Amino acid sequence: MGSVGVLILGAVLGAFICAKARVAMGAVAFSLIALVLFIATPVGAGLPEAISTFISAFDRAATPALNGAGTAGAGS
């Protein structure tokens, strides 16, 4: 798996070429391939957990505001 960096670079380059040629599906496909290859590396292995932590923190912060619980004593 020593050449995974070259594969990621090729996928990003393919996404860029498809985007410049206005082939949206090709750009999305190449971007997804690059993302999967990045997550397969040791550097990107923590990415799913980091995204999960961010989304759960955002959910914990937004839930009281959406339920109206955060405005009960603000005006007093």
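Visitor: What makes the reach of helix H3 close to the expected one?

Guide: Helix H3 spans residues 47-67, 21 residues in total. The expected span is 1.5 Å times one less than the number of residues. From its first C-alpha to its last H3 reaches 30 Å, close to the 30 Å expected. Do keep in mind that this is a predicted model: local features need pLDDT of at least 70, side-chain atom pairs count only at pLDDT 80 or more, and totals for chains, interfaces and linings use all residues. Residues are numbered from 1 along each chain as its sequence is written, and side-chain values use heavy atoms, leaving out hydrogens and water.

Visitor: Where does H3 bend, and by about how much?

Guide: At Ala 61, by about 25° (the angle between axes fitted to the seven residues ending there and the seven starting there). A proline, Pro 64, follows within four residues. Just after H3, Gly 68 has a positive phi of about 85°.

Visitor: How do you know which elements the protein chain has?

Guide: Helices are DSSP runs of H or I with at least four residues, strands are runs of E with at least two, and both are numbered from the N terminus. The chain comes to three helices and zero strands, in the order α-α-α.

Visitor: Why is Arg 22 called exposed?

Guide: Its relative accessible area is 77%, and exposed means over 50% (buried is under 20%, partly exposed in between, with a 1.4 Å probe and protein chains only). So Arg 22 counts as exposed. Arg 22 sits in the loop between helix H1 (4-20) and H2, and has a positive phi of about 60° although it is not a glycine. Most residues other than glycine have a negative phi.

Visitor: Why does Val 28 count as partly exposed?

Guide: Because its relative accessibility is 43%, between the two cut-offs. Val 28 belongs to helix H2 (residues 24-40). Val 28 also joins Met 25, Leu 32, Leu 35, Phe 38, Ile 39 and Val 43 in a nonpolar surface patch, with about 670 Å² of accessible area together. Members of such a patch have over 30% relative accessible area and no salt bridge, and their nonpolar side chains are joined within 5 Å.

Visitor: What is Leu 37 in contact with, leaving aside its neighbours within four places in sequence?

Guide: Leu 37, also in H2, is in contact (heavy atoms within 4.5 Å) with Val 4, Leu 7 and Ile 8. The C-alpha atoms of Leu 37 and Gly 5 are 8.5 Å apart, although 32 residues separate them along the chain.

How values were computed:
Patches are made of residues with over 30% relative accessible area and no salt bridge: like charges are joined within 9 Å, nonpolar side chains (Val, Leu, Ile, Met, Phe, Trp, Tyr) within 5 Å. Accessible areas come from the Shrake-Rupley method with a 1.4 Å probe; for residues, only the protein chains shown count as cover. A salt bridge is a side-chain nitrogen of Lys or Arg within 4 Å of a carboxyl oxygen of Asp or Glu.
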